[in-house]
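Trainee: Before we look at any labels, could you take me through how each one is earned, setting the computed value against the cut-off it has to meet?

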Amino acid sequence: MGYALKIMNRLYTPEKPLTFSGSGAMIKLADLMVRSGARRPLLVTDSFMLKAGMLDKLQVFLKEEGCEVTIYEGIVPNPTFAVVQEGVDAIRNGNCDAVFAVGGGSAIDAAKVMAAASTSKKPLEKLAGILKVDQPLLPFYVVATTSGTGSEVTTVAVVSDTETHKKTFFVDPKYVPIAAAFDTDLLVSLPPAMTAGTGMDALTHAIESYTSLARTPETERDAATAIRLLVEFLPVAYAKPQDVRAREMVALGSFLAGNAFTRTSLGYVHAISHQISAHYNTAHGLANAVLLPRVLRFNKQVCADRFAALEFMLQGNSTSQETHELAQAFIDRVDTLSAVVGIPAHLEDLQQADFDAIAADALKEARTSYAVPKRMRKEDINTILLSVQSGQPL
Ligand SMILES: [Fe+2]
């Protein structure tokens, strides 16, 4: 997929969505949707957010605007084809003319495919893969309530297949929404552990994009800005959940990281963490956060200039340290940040009996999907897995 993704990004440059951020951003986004002509939107969310009243203001606004609203509240973690099909049925039954997703990566990914499948001439399964979207999506808007996946700006949606238990990728520039909102009224509700995990996922996206061989001046700038915002504001958002400035900056950092990595793809942190999550159900952000400093150490020699440039930026461009000292200081900084936001030093669920399978699948994912700066061997991945299991630093 990586090679195809690179070609696709060269041929079909995805658009960046319009963005709204801060208190009330969700209503501004809804206003844009209504002013653009939507009268019968489908709201895609989960039952928890609906019951907690997080969509109340939105529903009142849309009613006052004379909209006929259909709600789909069946979003679950790792949404399945059945969930997407229910959403498509809701769109058809409600004769909906727009899709408005409110949630994290699961809600946004499912809504992307709902918006594509509802206008497509193909059955849902035929949209899986790369560049399979045959019609413009139903006008599609996103309110991101977590700050990590970057799904509000990426060209990818992931849907789980209940029969094969495999994740199916849908990749097309058409999956980028028209506009996205980062509403601090909702973001302040994200619990600290999720703030940490999703924030470290975003930091991983930014670093893996910044060091990717497929980087461009634009992705480099967005990744560096994301790193700057996340390093400064993630600890604040973690320690003070109600700090709206920190919440907004972390959300924007995650957005920029998403914009960078959807063009460059990722690296070994994701290649290994996807396998760990598949084996032990480990949360994506947590698995990434534990792996990140270890993969940075593996890349230290070949990426010394890259890490040093980031550290130079973070120190305010006023240091006399040598390249290798700056590179080490950057890795140490990631270690410290991880500890500050409560990320554990190891994952005790890992079983050595699984290491060969994890390593083989991680090598395959990296080989087929990512433009990494330095190739790993099976032994390198095994060493990293042992370190993750034991908590011993590499
Ligand atoms: Fe990720």
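Mentor: This is a predicted model, and a good place to begin is the pair H8 and H9, whose crossing is left-handed.

Trainee: Which residues make the contact between H8 and H9?

Mentor: On the H8 side the contact includes Pro 192, Thr 195, Met 200, Leu 203 and Tyr 210, and on the H9 side the residues include Thr 219, Glu 220, Ile 227, Leu 230 and Tyr 238. Sorted by class, the residues of this contact divide into 17 nonpolar, 4 polar and 1 charged.

Trainee: Why are H8 and H9 called roughly antiparallel?

Mentor: Their axes come within 9 Å and cross at roughly 160°. Angles over 145 degrees count as roughly antiparallel, and H8 and H9 are therefore given that description.

Trainee: How do you know that H9 and H10 are roughly antiparallel to each other?

Mentor: Helix H9, residues 217-239, and helix H10, residues 244-264, pack at an angle of about 150°, with their axes 7 Å apart. Set against the cut-off of over 145 degrees, that angle qualifies, and H9 and H10 are therefore roughly antiparallel. Their crossing is left-handed, and the contact has 15 nonpolar, 6 polar and 5 charged residues.

Trainee: What makes H8 roughly antiparallel to H14?

Mentor: Helix H8, residues 192-210, and helix H14, residues 323-340, pack at an angle of about 165°, with their axes 12 Å apart. That angle makes H8 roughly antiparallel to H14, the cut-off being over 145 degrees. The crossing of H8 and H14 is left-handed.

Trainee: Which residues of H8 meet which residues of H14?

Mentor: Met 200, Leu 203 and Ile 207 in H8 meet Phe 330, Val 334, Leu 337 and Ser 338 in H14. By class, this contact comprises 6 nonpolar residues, 1 polar and no charged.

Trainee: Turning to the metal, what coordinates the iron ion, and why is its site called irregular?

Mentor: The iron ion is coordinated at 2.2 Å by Asp 201 through OD and by His 205, His 270 and His 284, each through NE2. The angles among these 4 donor atoms run from 84 to 171°. A tetrahedral site would need all angles between 85 and 135 degrees, a range that the values of 84 and 171° do not fit, and the site is classed as irregular.

Trainee: How are the donor residues spaced in sequence?

Mentor: The spacing is D-x3-H-x64-H-x13-H. Distant parts of the chain are linked by the pair His 205 in helix H8 and His 284 in helix H12, 79 residues apart.

Methods:
Residues numbered from 1 in each chain as written. Predicted model: local features only at pLDDT ≥ 70, side-chain atom pairs only at ≥ 80, totals over all residues. Heavy atoms only, no water. Axes fitted to C-alpha atoms, helices over the stretch in contact; angles between N-to-C directions. Helix = DSSP H or I, 4+ residues; strand = E, 2+ residues; numbered from the N terminus. Parallel < 35°, antiparallel > 145°, perpendicular 65-115°, else oblique. Left-handed = near helix turned anticlockwise from the far one by under 90°. Contact = heavy atoms within 4.5 Å. Nonpolar A, V, L, I, M, F, W, Y, C, P; charged D, E, K, R; others polar. Donors = N, O, S within 2.8 Å, 3.2 Å for Na, K, Ca; no water. Tetrahedral: all angles 85-135°; square planar, octahedral: opposite > 155°, others 65-115°.
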